[in-house]
Every structure is written in structure tokens, then in C-alpha cells.
Amino acid sequence: MTTSFLEKNKWATLRSRQNLWNASKKLAYPSVMWRLPRQSDKHFLSSFNEIPKKTKIDFEEIGSGFAFSPFVNPDGTETFFLKADLHYLFKETETDERLEEIISPTSINPQFLELMNDLGNHSISIPQENLKTTTHETQKEDFIRLVSNGINQIESGLFQKVVLSRTKHVILSSDFDVVSVFDKLCKTYPAAFVSVVSLPHLGVVWMGASPETLVSQDSKGIFRTMALAGTQSAFDCEGNLIKPSEALWRQKEIEEQSFVTRYIINCLKKIRVREFEEEGPKTIIAGNLMHLRTDIIINTMDINFPQLATVMLDLLHPTSAVCGMPKIPATDFILANEGYNREFYSGFLGPVNTPSADGLTESHIFVNLRTMKLQNNVATLYAGCGITADSDAEKEWQETEMKTQTLGKVLNNEV
Ligand SMILES: C=C(O[C@H]1C=CC=C(C(=O)O)[C@@H]1O)C(=O)O
């Protein structure tokens, strides 16, 4: 057996995720930590190129890494790809975390090793030197006006559905620590895709707990996507968790979600894929909220279509869960009227071609929802809601408030 990089460099005792995160941050390496839904393993990946390349994700060609796309990405080429120069898996044990190497670096900057030694287990907080934040915060009256304008456009026939969004600022406490907040999100939201992405060349960190798979393809060639939409609180007025089987949905949410299912099925029709399993819609819990979800599952081996994930990623983004129906007039309306740049909110993100236990690879791409951008000492939280002809602007504002609470509660230590 070959000696691993860790053994050769006697890192065995200096292996905490905090150390890795801090050392990568100091050297301005783009880095990411993630935890897949309903799994306990935590992943850490670093890219040794300071500026990650922008490229279209072709799962057949691209190798192992992490994809991070903005909302506006019409031909897919705006996607950052963080190549996996180092990829470690942290398995929880009763007392500690056990590290496994997924991708071991072939060579490493000696400074990285030094930093790993020097930094110990201390956390590095977000730099406080520039207290100004660059992202605009949406005011309630502006959002109400925006939603009313969206409803008017639906009534005039411009589109049938549009997803409109807003931002909210939370000032970070001086002891804010990325790794502990990531761990807390993992614990609080076991069914979510929890991630934290650091892009030092842009001076930002994005963190979130997404409930929505965009495309996933496992090592056995099983492809999955989902239509997720329609929102209500997961708690009744006395604060008790509602059983998903007892959730009641209005016509508005049922229609809003069916637009997304229809959109996905139309994408499959375009590429003449007719053999798919459709499960749902069913009610699912996503943290403090409930949504309606339809799962679409395809065995790519059975239909002899190994490149399905690549083709569908291209066709699906942005789905009607984050954009609208039809897509083009809804996108134009969002860009002209929302009043801020969504950047990576409602884009997509996730691990690409991760080596799996059976010696093959798997990819899991999620929609970047329930997300926040950390810059200087401010977290910008993002939330949107599907507007249809039956929307009520005040209720839509309340819905975005609930959505920002998914991360807000963790930031404010309310969970
Ligand atoms: C756009 C968001 O959520 C989408 C996913 C689930 C439910 C949604 C809704 O009810 O509007 C949205 O389509 C967001 O969380 O910012």
C-alpha cells in the first residue's frame, strides 16, 4: 500500500477541519465544506489555484471538484469549478472525527503545512476591517410593490408564475465562527444539503442549508431531480410540529408546484426521455417549513443515456422554482425589477465526480437556497417566493421572513 500524503507529512495529529479551513483561508485557497442530506460525513475540499476557473459542467469530462454557479448563467460557462486538489472526509466517531483521504495532494505549498502547525485549533473570524457591505437590503414596501407589479404582469398575460426575492442583513457577532456555524447547521437540518464555500478572490463566503436537489447521479447511474415549491410553516399556531400527512395545501401552492413539475417534464420531453419514475407531490419538512415535492428518478443505464446529468443541468437551470414560467419573460422581469443582484443565490452548487466507495464516482448538485453571503461583518440572507395570479403581497413577504429564519435562527442562537 502506498503511504498517504498525511502519513508522509506526519499530519495525523493536525487534522481538524478548523485547521484546514484556517490554513486555506490564510493562503487564499478557494475551499468548501459540505454535508449531504441524511448523511453524517462531512467533506472538506481545497483548490490550490487562487482563482477557480469558470467553466461549463460536463460530468463526463471535468474530473473531481465542486461546482458553484450564479443565478445568471445562460450558457453554463459562468460556473466556478473548484478542482479537488485536496479532498478529505470526516467521519463522526463517539469522541472525535476520523479523517479519510478521498483525494490526496500530489504536492503542497510548504506554507500550508506550516500554517497547519501554527494555527492550532483557533478559529479565524470574518475580517472586520471594512465595515461597509456591498449588498443592498430590500425594504418591505419595495418588496410589496415588486410583488404587486409581478401579479399585474401575470394578469396581463406576460407570464404565469414568477419567483421574486429579497435580501435581509444580519450583523455577525464578533465571535462568529464559520466552522461552528456549519456544524450547527448540519445538526439542526439533517435533511438539508449544508455547505460553506469560500471564494477568497471575491472576498466572500457563502453558506446555506438547501432543501432542493437540481441534478444528482449516483455511482450506479441513478439520476434524480425534484420539483420543490409551495411553502407553509412546519409548526401550528401553538408551536407544535405539523405531521406532513396532515398538512393542508391551498389551490395556490398546488398550482405553483405543478408549474415546476411540468417544467421538468418538458425538459425531459425536449430530449425524448419518456421512461421516468414520478413520485409525489408529497409534503416534506425543510427545517422550519413545509414544501410540496415531486421526485423524478431515471435509471440512466436502462435508457442508455450516461450523459443525462450533463444535459439536464444545462436544460433545468434556472427551474420554475427559482425563476418562473415561461422562463424568458420571468427572467427578464426579475433582472429588471428585483433591484439587486442575486449573485449566487438561486444558482446551483455541489460536489462533482466525488470518488465513491465502489471505486466509481457520484455528483450531487443542489439549488442554492436558504443561503447567505458572509462579507466583512454582515450576513446577507436571501429568500424568494413563487408568485401566481392568486398571490397576496403581504403573505408573500411573511413567507420570505419565514425562509430567512432557517439560517437566521442559527445565527441568532435560537436553536
Ligand atoms: C425561492 C426559494 O424557494 C423555492 C423553493 C421552495 C419553495 C418555494 C416557494 O414556495 O416559493 C420556492 O419556489 C427560496 O427559498 O428562496
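Colleague: In β18, which residue is the bridge partner of F348?
Modeller: This is a predicted model, so local features need pLDDT of at least 70, side-chain atom pairs count only at pLDDT 80 or more, and totals for chains, interfaces and linings use all residues. Residues are numbered from 1 along each chain as its sequence is written. Strand β16 (residues 348-352) runs antiparallel to β18, with two bridges joining them (strands pair if DSSP finds at least two bridges between them). In β18, F348 is partnered by V367.

Colleague: And which residue of β18 does V215 stand opposite?
Modeller: Strands here are DSSP runs of E, at least two residues, and helices are runs of H or I, at least four, all numbered from the N terminus. Strand β11 (residues 213-217) is antiparallel to β18, joined by four bridges. Opposite V215 sits I365.

Colleague: How far apart are the end C-alpha atoms of α6?
Modeller: Helix α6 covers residues 251-270, 20 residues. The expected span is 1.5 Å times one less than the number of residues, so α6 should reach 28 Å. The model agrees: the ends are apart by 28 Å.

Colleague: What arc do the buried residues of α6 cover around the axis?
Modeller: Buried means 20 or more other C-beta atoms within 10 Å of a residue's own, exposed 12 or fewer, partly exposed in between, with C-beta atoms placed from the backbone. In α6 the buried residues are E253, E256, Q257, V260, T261, Y263, I264 and L268. They sit on the same side of α6, because their arc (taken from the directions from the helix axis to the C-beta atoms) is only 145°.
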